Structures are given as C-alpha cells and as structure tokens.
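Below is a set of questions and answers for a reader who is new to this structure. The sequence and the 3D view come first.

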Amino acid sequence: MGLYRPDKSDKQTQLSSLVINGFLTLNGTFGIGIQNKTFLNEDSLRLYIDGKAHHSVESYYGIGDDTNRNDGNAFDYNKDQFEIEPTLLKKFAKNSFFGPLIHLNYTNGNDVQPSANLVTPNTLQTTDFPNSSTIVGIGLRAFHDSRDFVLNATTGRFIDLSFTQYDDAIGSKADFSKAAFEWSEYFSLDKEKYNILAFQIKSETNNGDIPWDQYALVGGSNGLRGYYEGRYRDSTMVLTQIEWRKEIRKPHGIAVWVGGAMMGKSYSDLSDSRVLKSIGTGYRLQVKEGVNVRFDYGIADGESGFYMNIAEAF
C-alpha cells in the first residue's frame with residue numbers, strides 16, 4: 001500500500017492511496033486487485049480506479065435463497081475474471097461529489113462439475129450456469145464524504161449512490177441496470193480516536209437480463225463476513241452491520257461486529273425473506289499511520305470464514 005500527495009505543496013488534503021492485493025492459495029486460486037483513490041486540486045476533483053484480475057476455484061449454488069441454502073445445488077468451477085471501474089468525481093458542495101463511471105468486466109466460468117464435497121446429488125443443471133459474460137456499462141455516481149480518512153475512518157459520514165446501465169449499443173453482451181446505495185457513519189467514543197463505533201447499511205438491485213456473475217452477493221471480506229461470497233446471490237440485497245474498533249496499544253487493536261442481510265427478487269420480496277446473520281471478531285495491526293492490516297473471523301449460519309486484508313471492511 002502506498003500513500004502519496006499528487007501536489008506536494010498541498011498539506012491539507014488527505015493522502016491519496018494505492019492499495020495492491022495479491023494472493024495465491026493451495027487450491028490454485030491466484031490474482032491481483034488494485035484500489036486507487038487520488039485527490040486532486042485541493043480535493044475538488046477525485047479519481048477512483050478499482051480493478052482486478054483473478055483466476056479462482058469457486059462454487060456456484062444458483063440464484064435465490066431457497067436454491068442457495070441447499071448444499072446439494074453446489075457446482076465447482078474455475079473462474080477467470082478481469083474487471084476495471086474508473087470513476088471521475090467533481091465536488092459540487094462541501095464534502096459532496098458527482099461524476100461519471102465506466103464499468104468493464106469479463107468473466108469466464110469453466111470446468112464446471114458437481115462439487116466433490118457433496119453427499120447429496122445436484123438438483124441444478126450445468127445448463128443453468130452460463131460459462132462466460134462480457135459487460136460494458138456507463139453510469140453516474142454521487143456521494144457525500146465527510147470521513148477524516150477513507151481507509152480507516154474514525155469520524156464522519158459516507159453516503160454513496162450509483163446507477164449503471166449496461167447495453168449492447170456500447171458493447172455489452174447483456175442489457176440490464178444496477179443501482180447501489182451505501183450509508184456509513186463513524187463515531188469516535190474518546191478524544192484520542194482510539195475507540196470507534198462504525199455503522200453501515202447498503203443495498204443493491206439489478207433489473208433486466210442479469211448475467212449469472214452480476215447478481216447482488218452476500219459474504220466475503222467486505223460484505224457479511226462469515227458467509228462464502230457467491231453462495232447467496234439474488235437480484236436485490238439489503239445489508240447492515242455495526243462494528244466496534246478499539247486500539248489496545250500501538251500498533252495493536254481489536255474489532256467486534258454483528259450484521260445481517262436479506263435477499264430477494266425485488267425490494268418488495270425482502271419482507272418474506274430470512275435474515276442472514278453474522279457475528280465476528282478480529283485483530284488489527286497498524287502498518288502505517290491510520291492504516292491497519294486486519295485479521296477477521298466471522299461466524300454465520302452454518303459456516304464461517306477467516307479474512308486478512310488491508311484497511312477496514314467499511
């Protein structure tokens with residue numbers, strides 16, 4: 001992770017950041033991801049670039065909660081994914097930004113076969129699982145961001161709205177739309193900012209000819225920790241989590257969280273869906289001023305997960 005100032009004479013704007021995550025696992029998964037946040041012209045202009053290139057060994061359970069919760073629906077497959085999303089944002093009010101985004105994604109699923117861990121037969125068919133997806137989308141993003149530091153906020157608020165349209169007229173192989181919303185709040189419980197309470201609520205809804213890899217997901221290192229990312233997927237998702245972060249003694253700290261999520265075909269269906277619950281705890285190691293490496297263990301309904309990442313989950 002690198003922290004830098006595009007304009008060395010500007011000492012007031014928070015530091016820009018470039019985070020690079022590389023990984024290699026024993027089951028043959030490998031890849032690299034980048035997150036770049038550049039603050040320009042005394043933070044009147046922001047350029048965000050997110051990208052990744054992965055080869056991963058994953059499992060697919062289908063679409064919808066009834067299908068996802070059935071272990072017998074699992075298929076193992078290899079996934080190759082290349083994705084990049086640049087966003088250019090212009091300040092239009094204090095702490096508020098607006099601008100265009102472009103989303104490019106190619107996903108290929110191959111070597112699809114019933115999971116080797118199953119004790120019950122598959123009820124899904126491999127024909128339900130398309131093997132490739134190429135999408136191109138353009139959209140708009142607006143957010144209010146009063147956080148003191150985006151990688152590890154101790155105070156402030158973050159409200160983020162985006163809408164992206166994917167269309168064959170611009171080269172996408174699928175026509176659909178994606179709308180996303182996030183609201184996060186950060187409270188310092190002491191003057192030294194060693195004792196932080198963080199809250200988040202976020203949602204996503206997709207409409208149209210949605211590719212199998214673009215449904216809203218629950219789980220993973222930033223979603224609902226403890227759930228396998230990709231098992232639970234549907235058109236619409238709402239998630240909330242609250243986390244307490246405490247610095248014990250530099251560079252050591254801890255975190256504890258509780259969260260929940262609901263999924264369905266639309267927002268109106270969420271009232272009939274079950275709540276996916278998560279609790280967990282983690283250790284924090286400060287590697288740069290204000291930046292932690294986190295080690296989290298999350299417990300979910302019938303499964304759990306361990307995560308190691310740079311920066312906080314939200």
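Q: In which strand is Phe-199 found?
A: The model is a predicted one. Phe-199 has a relative accessibility of 32%, so it counts as partly exposed. The strand that holds Phe-199 is strand 10.

Q: Which elements give two or more residues to the nonpolar patch?
A: The patch on the surface covers about 910 Å², and its members include Trp-183, Phe-199, Ile-242, Tyr-297 and Phe-306. The elements that supply two or more of its residues are strand 10, strand 16 (291-300) and strand 17 (304-310).

Q: Which side chains of strand 17 point to the face where they are buried?
A: In a regular strand, side chains alternate between the two faces of the sheet. Strand 17 shows such an alternation, with Ser-304, Phe-306, Met-308 and Ile-310 pointing to one face, where they are not buried. Pointing to the other face, and buried, are Gly-305, Tyr-307 and Asn-309.

Q: Which residue stands opposite Arg-294 in strand 17?
A: Strand 16 and strand 17 are paired in the antiparallel sense over seven bridges. They form a hairpin with three residues between them, and Gly-302 in the turn has a positive phi of about 80°. Within strand 17, the residue opposite Arg-294 is Asn-309.

Q: Which residues are joined with Arg-225 into one network of salt bridges?
A: Arg-225 and Glu-243 meet through their side chains in a salt bridge, at 2.6 Å from N to O. Arg-225 lies in the loop between strand 11 (216-218) and strand 12 (232-234), whereas Glu-243 is in strand 13 (residues 236-249), 18 residues apart. Both of these residues are buried. Through shared partners, the network joins Arg-225 with Glu-243, Arg-245, Arg-284, Arg-294, Asp-296 and Glu-312.

Q: How many residues apart are Arg-274 and Asp-65, a pair that links distant parts of the chain?
A: These two residues form a salt bridge, with the closest N and O atoms 3.1 Å apart. Arg-274 lies in the loop between strand 14 (252-264) and strand 15 (276-288), and Asp-65 is in helix 1 (residues 65-68). The separation of the pair is 209 residues.

Q: Is Asp-65 buried or exposed?
A: Its partner Arg-274 counts as partly exposed, because its relative accessibility is 27%. The cut-off for buried is under 20%. Asp-65 has a relative accessibility of 16%, so it counts as buried.

Q: How many salt bridges does the structure hold?
A: Side chains of opposite charge can pair when their charged atoms come close. One such pair here is Asp-145 with Arg-147, whose closest N and O atoms are 2.9 Å apart. Asp-145 and Arg-147 are both buried. The number of salt bridges in the structure is 22.

Q: How many residues does the largest nonpolar core have?
A: In soluble globular proteins, nonpolar side chains tend to be buried together. The largest nonpolar core here includes Val-19, Phe-39, Tyr-48, Phe-143 and Ala-311. Tyr-48 touches Phe-39, Leu-89 and Phe-143, among other residues. The count for this core is twelve.

Q: Which residue stands opposite Thr-38 in strand 4?
A: Strand 3 and strand 4 pair in the antiparallel sense over eleven bridges. Their hairpin has four residues between the strands, and Asn-41 there takes a positive phi near 50°. Opposite Thr-38 in strand 4 stands Leu-47.

Q: Which residue stands opposite Lys-52 in strand 5?
A: Strand 4 and strand 5 (residues 75-93) run antiparallel and are joined by 16 bridges. In strand 5, the residue opposite Lys-52 is Glu-83.

Q: What is the phi of Asp-43, which is not a glycine?
A: Asp-43 lies in the loop between strand 3 (30-40) and strand 4 (45-60). Its relative accessible area is 12%, so Asp-43 is buried. Its phi is positive, at about 65°.

Q: Is Lys-193 exposed, partly exposed or buried?
A: Lys-193 is in the loop between strand 9 (176-188) and strand 10 (195-208). Its phi is positive, near 60°, in a residue other than glycine. With a relative accessibility of 40%, Lys-193 counts as partly exposed.

Q: What is the omega of the cis peptide bond that joins Lys-250 and Pro-251?
A: Pro-251 has its place in the loop between strand 13 and strand 14. The peptide bond from Lys-250 to Pro-251 is cis, with an omega of about 5°.

Conventions. Residues numbered from 1 in each chain as written. Predicted model: local features only at pLDDT ≥ 70, side-chain atom pairs only at ≥ 80, totals over all residues. Heavy atoms only, no water. Core = buried A, V, L, I, M, F, W, Y, C linked by side-chain atoms within 4.5 Å. Buried < 20%, exposed > 50% of the residue type's maximum accessible area, 1.4 Å probe, protein only. Contact = heavy atoms within 4.5 Å. Salt bridge = Lys/Arg side-chain N within 4 Å of Asp/Glu carboxyl O. Patch = residues over 30% accessible without salt bridge, like charges linked within 9 Å, V, L, I, M, F, W, Y side chains within 5 Å. Areas by Shrake-Rupley, 256 points an atom, 1.4 Å probe, with all protein chains shown as cover. Pairing = 2+ DSSP bridges. Lists of a residue's contacts leave out its neighbours within four places in sequence.
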